Amino acid sequence: MLLLVAVTTAAPVWAQSPSPARRAVAQIRQVLEEILADPELDGARVGVHVRSIDDDRVLFDHHGDRPFNPASNMKLLTTAAALHELGPTYVFRTEVRRDPELSDGTLKGNLYVEARGDPFLTTENLFGLVNEIALRGIDRIEGQVWVDDSFFDGVTEGPGWAEETGDPAYAAPIGAFSVNFNTYVLRVLPGAAIGEPVHAEVWPDVGLIEPVVHATTRGPMTPTRLWAGTSVPKPDHVQVLLRGHVALDDHDGALVRRRVHNPTRYAAAMLGRLLDMRGIDVRGGIRRKECPDEDETVPVTTHYSRPLADIVSALNKYSNNFIAEQILKTLGAEVHGAPGTWAKGTQVVQTFVEQLGVPEDHFVFGNGSGLNDVNRVSPRLVAQVLSHMHRRTDLRPEFVSSLAVAGESGTIHGRFRDTLAQTRLRAKTGSLTGVSALSGYVATQDDEVLAFSVMMNDYDGSPRRMWRIQDRIGVALAEVGTSQALAEQQATGVP
């Protein structure tokens, strides 16, 4: 008997059950197109790109292939490349070695400090290093202390710095031997009586910063107002003019943070001051010079930074330009050989994104922080990098957790509160005059993760107008799936 069997060709499971993001494409497009029609965007250039992490499908694109000034969204590319090339556990080292002859606490020769770009080296870390030198039995150095900063080149201000005026801390210079993010802090307290000059000092006093005080003490309950002028270079120090006033009863006073001008000189002066405070007598002074080979010297101690994953987290959450550029030059030195330069570092980032298949006309890299007008990046490129990093299970935890959390932490801790995007959206902000950006991840109501990038250039007025529109986009993406779930409830009658 011949049996005839009817065979039905069924669609594969993935086609029968499309992802929530696939079902919600229409919802995303409709809502985002309405948001982008807002009159607030008249005259502005806007690019938006949204893609699903699950299947890498593009869910929405509005001028996503065009190059924009990304501002600090550039840091996403720098940190992604750094985690990819160096690994989350990479640490920066500051090594101390000495000449061989040490007798009764006296070093018959030189002490050598080799710095390798630690972006988180602080006064406390440096004093810990000095304390370890003392604990190794060194009380007196008959020779010199050599400071070796050759891990980076001697260019301390990169592309984009020329567009700055004054001494803003966010445009601090870069150097292999840097301390306190290459900034100094003036601690300002009221004088003893009304009308007297305020008291201002830098600690530790390394002798390189001279406050010129034209600020006075005013009566109780007066709001503190202080302005620090641009530093005036002198032969062996800089002067900084301080104006304004502090209330007599303002016992907390104020902190004025400014950038240093010569990173190695400042760090070396700090080192010398701390050696003196620890009671280590340096007879020959401190000089900048490359250290001899390791086999000619004796190890003393090494300071290790926190892991790169922790540094990247601080960088992306709070958008620190100095850290980004230190990492960029370190990338250049580690991948292409010392000294690290901006050209070598940006080449590493370029190679990284090219491996993702990004066309060359989607980017121009000038620096690693996004400072000012030297970078161009497309929203599609940023979203592709975000998608790639999320799929890298070895790097995803460190990269994703480095981003600010909507309504909770970092630069968006005050945004998205009391919306569905709160805690479900993680992103990096970017802000310059006429430039605003927001890129990151958002989880839909179906718990599907989307990568998105929003870039706005050439707008007039307050950036808060752009933030409001970015927030509306973020909330709309976080709400994806809500209407679908409601429709399914209504169809089935299930509450």
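How many Å apart are the mean positions of the positive and negative charges of the protein chain? They lie 2 Å apart. The averages cover 48 positive and 62 negative charges. Keep in mind that this is a predicted model.

Start with the whole chain. The protein chain has 495 residues, and 53% of them count as buried. Its C-alpha atoms fill a box of roughly 105 × 70 × 40 Å, taken along the principal axes. The chain exposes about 21800 Å². Carbon and sulfur atoms supply 49% of that area. Along the chain you can find 13 helices and 24 strands.

Now look at the contacts. Take those between residues at least 6 apart in sequence. Of these, 72% join residues at least 24 apart.

Next, go inside. The largest nonpolar core has 53 residues. Four of them have the most contacts inside this core: Leu-308, Ile-327, Met-389 and Tyr-441. Which elements give two or more residues to the core? Both helices and strands do. The helices are α4 (74-86), α7 (308-318), α8 (321-336), α9 (342-354), α10 (379-391) and α11 (396-401). The strands are β23 (435-443) and β24 (449-457). Helix α4 gives the most, with 8 residues. There is also a second, separate core. This one has 45 residues, including Ile-138, Val-246, Val-260 and Leu-275.

Turn to the strands. One open sheet has 4 strands, in the order β4-β5-β7-β16. Its pairing is mixed. At the edges sit β4 (102-103) and β16 (281-282), and each pairs on one side only. Follow β16 to its partner. Strand β7 (residues 140-141) pairs with β16 in the parallel sense, over 2 bridges. Here Arg-140 has Asp-281 of β16 as its bridge partner.

Another pair shows an antiparallel arrangement. Strand β9 (residues 183-189) and β10 run antiparallel, joined by 4 bridges. Within this pair, Val-188 has Ala-200 of β10 as its bridge partner.

Stay with β10 for a moment. Which side chains of β10 point to the buried face? Strand β10 covers residues 199-202, and its side chains alternate. Ala-200 and Val-202 point to one face and are buried. His-199 and Glu-201 point to the other face and are not buried. Why the alternation? In a regular strand, side chains take turns between the two faces of the sheet, so neighbours along the strand point to opposite faces.

Methods. Residues numbered from 1 in each chain as written. Predicted model: local features only at pLDDT ≥ 70, side-chain atom pairs only at ≥ 80, totals over all residues. Heavy atoms only, no water. Buried < 20%, exposed > 50% of the residue type's maximum accessible area, 1.4 Å probe, protein only. Contact = heavy atoms within 4.5 Å. Areas by Shrake-Rupley, 256 points an atom, 1.4 Å probe, with all protein chains shown as cover. Lys, Arg positive; Asp, Glu negative; His and termini not counted. Charge placed at Lys NZ, Arg CZ, Asp CG, Glu CD. Core = buried A, V, L, I, M, F, W, Y, C linked by side-chain atoms within 4.5 Å. Pairing = 2+ DSSP bridges.
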